[in-house]
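Trainee: Let's go through this one together. I'll ask as we go.

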Amino acid sequence: MHKTWIVTFETYLRQIKSWSFLFMILGPFLMIGLTVGISYVSANSASSSREVAVISDSQPLRQAFIKQNDGLNTKITTVKAAKQALKKDHLAGYLVLSTDNQQFKADYHGSDSMGSSLRAQTQNFLVTYQQAANYQQANLTAKQRKTLARTPALTQHIAKKTGTANTAKKVSFWLLVTMIYIILITYSSIAAQEIASEKGTKIMEIIFSSTTATSYFIGKIMGILLVILTQIVVYLLGGWAGYQFAINNAKLKPLFTEYHSLINAVIHNLLNTNLVYLLLGVVIYTVLSAYSGAIVAKAEDASKAAQPVVMLSMLGFFLTFPFQSNLDAVFVKIMSYVPFFSSYFMPMRIINGTASGLEQGLSLAILLAAIGLFAWYIGSQYQRLMLQTDSKSIWQQWLHGWRHQD
Amino acid sequence: MLSIQHISKHFGTVHALNDVSFDVPDGQILGLIGQNGAGKSTTFHSILNFITYEGTITWQGHSLSANDFDTIGYLPEERSLMPKLTIEQQVVYLARLKGQPAKETRAHIDEWLQRFAVKGTRKSRIKDLSKGNQQKVQLICTLIHHPKLLILDEPFSGLDPVNADLLKQAVLTARDEGAAIIFSSHDMEHVTALCDQLVMLRKGDVVLHGTLAEVRNQFGKTELYVTTDWTPDRLQALPGVVAVTVRQPRQYLLQLNDPAAGPAIFEALTEGHYIEEFSQQPPTLDEIFRLKVGEDHA
């Protein structure tokens with residue numbers, strides 16, 4: 001076991017010290033940071049030119065409008081100053097509020113048409129003020145005013161809990177299968193290439209004179225799994241840090257408050273048995289990738305080694321699509337027990353609450369047994385495969401493995 | 001002691017090894033010689049359990065198992081290290097797999113680099129070293145944990161005479177520390193200089209086995225070294241002489257068809273007078289090797 005750990009840590013350190021791993025880990029953070037940064041700079045540089053100034057001879061009217069609307073330029077108070085600012089492209093436009101013969105008017109001057117939101121707000125503002133002025137001019141009684149002020153009502157009645165739950169299921173499903181798929185695709189290649197690059201090299205002879213092939217193979221697999229775990233932990237920490245930032249950010253906080261129950265439901269769906277399926281799925285595909293890497297004809301074929309595993313993973317991923325709304329299909333039930341596919345299908349059933357605890361346990365037991373048997377078989381073949389330097393095809397190697405044990 | 005008893009190995013219809021037997025006692029060196037494809041590497045792979053075989057191989061009286069890995073030092077025929085690692089990382093990793101703690105290995109790396117005159121420091125990357133220096137680092141990886149069984153497949157291949165002497169010295173040191181050593185080589189000079197016994201394989205069969213003296217004496221004293229004023233033609237005409245080779249002006253090597261022809265030739269050459277050199281010896285290992293290879297081609 002001691003030597004297995006030596007191989008594990010050597011594999012782990014070699015992977016995480018590489019530039020490719022660093023870029024892979026930091027890539028999403030860099031992309032998000034870059035997008036946010038560019039948006040922020042762009043928003044700041046454009047903010048002054050998107051503002052609209054409000055000008056009026058009536059200061060109470062102007063102040064009332066400014067009070068009801070955000071994002072307005074409050075510094076410019078004259079038409080002359082507004083025209084100059086517009087000319088220099090420091091304003092999107094200016095709005096002149098006035099009254100003429102008891103009629104409220106708003107004149108917009110700008111390089112482009114008024115934004116729909118500001119136009120609606122301006123319209124509402126004018127209607128409210130005009131209505132008040134009309135009532136006053138018409139000398140209506142309080143009862144008459146109340147009657148005229150009556151408006152029709154439109155109310156939506158949505159079962160919020162059910163709606164959120166359905167959305168949470170969809171979001172959870174897509175997040176989970178996409179996560180499984182991306183991790184499997186990425187690490188299938190890494191695992192296969194890690195193994196294939198050593199194929200037929202004499203360093204393997206030195207290593208097999210130092211430790212057993214099974215011990216070495218398990219060490220390699222564990223090393224790669226540690227790398228995967230590192231990436232998952234980094235992303236979880238990154239996600240947590242992002243979440244903390246978002247809920248403490250004044251602009252994002254309302255959004256998170258509004259979708260609080262949805263976010264909680266998604267997190268719950270991800271951090272349960274599904275996480276076990278994610279990890280075990282990664283294990284079985286990594287073992288298969290390692291085998292795939294070991295049966296290539298030579299180290300130069302390392303890049304091709306992962307192809308069969310990638311294809312299998314893609315098949316599992318795409319097979320789930322037609323059954324998202326038909327979870328009671330027999331096919332879904334069967335596939336949720338079949339190793340390599342259960343990592344996609346059983347989480348789908350768990351998220352939708354159509355798999356009992358017994359069914360989940362049985363599926364996990366089958367998956368664990370398959371991993372054990374598979375690792376044992378490959379471990380027994382590993383030395384022969386890795387020391388082999390002939391140019392047999394993958395199928396010939398595989399058949400040879402079943403026929404001969406030397 | 002490493003004991004190999006009646007091992008055979010077939011690859012399909014090819015007999016790679018056929019009833020091979022020999023022992024390598026502790027503190028002794030055995031040279032395994034033979035042409036390419038004779039079965040030398042297959043023998044090593046059998047010892048290391050890389051392949052299955054018929055027969056018995058024991059180390060210190062028991063079958064070689066994973067528990068014995070730490071006592072083995074193995075140098076494969078082709079050199080191969082991890083190019084991105086530094087010398088220290090590479091040596092420490094392989095030594096740890098041999099059960100030697102990293103701390104102990106690090107403490108001795110500089111000493112080993114100095115002993116093998118490696119041009120580079122412990123922080124130098126393997127890929128930046130010359131081929132010869134990479135080979136020396138690989139030798140260090142093989143020896144640094146003081147193995148009790150040393151298996152060297154063509155260890156002198158690619159080494160210049162100076163570095164070959166450094167390796168010879170390291171092998172002799174390991175022998176003096178009590179290691180059982182088996183190595184293959186095409187260079188009979190190294191085998192002659194190092195081996196306590198040798199085994200020659202030909203197409204998987206043992207064709208020669210014994211100490212150097214035993215092997216040479218099997219062929220009789222058919223080599224006659226003389227220094228004389230006689231001409232080659234005159235020497236060739238002597239009874240029992242089958243070939244004459246000029247070593248230096250006036251110095252010849254006569255091949256005899258019968259060792260018993262020596263005294264008569266001595267009489268003829270001296271004719272009662274002084275002779276500078278007259279030495280009758282068995283053939284050298286190199287000549288025996290060529291002879292045995294020649295039998296195969298005949």
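Mentor: I'd start with a helix pair: H4(B) and H5(B) are roughly parallel to each other (angles under 35 degrees count as roughly parallel, over 145 as roughly antiparallel, 65 to 115 as roughly perpendicular, the rest as oblique). Keep in mind that this is a predicted model, in which local features need pLDDT of at least 70, side-chain atom pairs need 80 or more, and totals for chains, interfaces and linings use all residues. Residues are numbered from 1 along each chain as written, chains are lettered from A and ligands numbered from 1 in the order written.

Trainee: At what angle do H4(B) and H5(B) pack, and how far apart are their axes?

Mentor: Helix H4 (residues 131-143) and helix H5 (residues 161-176) of chain B pack at about 0 degrees, with axes 12 Å apart. Helices here are DSSP runs of H or I with at least four residues, strands are E runs of at least two, and both are numbered from the N terminus. Axes are lines fitted to C-alpha atoms, for helices over the stretch in contact, and angles run from 0 to 180 degrees between N-to-C directions.

Trainee: Which residues make the contact?

Mentor: H4(B) contributes B:Gly132, B:Lys136, B:Leu139 and B:Leu143, and H5(B) contributes B:Asn163, B:Leu167, B:Ala170 and B:Ala174. They divide into 5 nonpolar, 2 polar and 1 charged. Contact means C-beta atoms, placed from the backbone, within 7 Å. For the classes, Ala, Val, Leu, Ile, Met, Phe, Trp, Tyr, Cys and Pro count as nonpolar, Asp, Glu, Lys and Arg as charged, and the others, Gly among them, as polar.

Trainee: Which strands does H5(B) lie across?

Mentor: H5(B) lies across S3, S7 (149-153) and S8 of chain B, at about 150 degrees to S8(B). Those strands are part of an open sheet of 6 with mixed pairing, in the order S6-S7-S8-S3-S9-S10. Two strands pair if DSSP finds at least two bridges between them.

Trainee: Which strands stand at the edges of that sheet?

Mentor: S6 (72-75) and S10 (205-210) of chain B: each has a single partner strand, so one side of each has no neighbour in the sheet. The twist averages 15 degrees from one strand to the next. Further in, S3 (residues 29-33) and S8 (residues 180-184) of chain B pair in the parallel sense over 4 bridges, and B:Leu30 has B:Ile182 in S8(B) as its bridge partner.

Trainee: And the sheet with S2-S1-S4-S5 of chain B, is its pairing parallel or antiparallel?

Mentor: That open sheet of 4 strands has antiparallel pairing. S2 (14-24) and S5 (62-63) of chain B are its edge strands, each with a single partner, so one side of each is left without a neighbour in the sheet. S4 (residues 54-59) of chain B meets S5(B) over 2 bridges, with B:Trp59 opposite B:His62. Helix H1 (residues 40-47) of chain B lies across S1 (2-11), S2 and S4 of chain B, at about 65 degrees to S2(B).

Trainee: What is the phi of B:His6?

Mentor: Near 55 degrees, a positive value in a residue other than glycine. Most residues other than glycine have a negative phi. B:His6 is in strand S1 of chain B and is partly exposed, with 14 other C-beta atoms within 10 Å. Buried means 20 or more other C-beta atoms within 10 Å of a residue's own, exposed 12 or fewer, partly exposed in between, with C-beta atoms placed from the backbone.

Trainee: And A:Asn101, where is that found?

Mentor: In the loop between S3 (93-100) and S4 (103-110) of chain A. Its phi is also positive, near 55 degrees, and A:Asn101 is exposed, with 5 other C-beta atoms within 10 Å.

Trainee: Changing topic: how is chain B divided?

Mentor: Into domain 1 (2-216) and domain 2 (220-281), with bounds from an automatic or database domain assignment. Their C-alpha centres are 41 Å apart. Chain B has 298 residues, of which 36% count as buried.

Trainee: Last one: how many residues of chain A are in contact with chain B?

Mentor: 17 residues of chain A, against 19 of chain B. On the chain A side, helices H1 (2-16), H8 (202-208) and H17 (357-387) each supply at least two residues, and H8(A) gives the most, with 6. By class, that side has 6 nonpolar, 6 polar and 5 charged residues.

Conventions:
Two residues are in contact if their C-beta atoms, placed from the backbone, lie within 7 Å.
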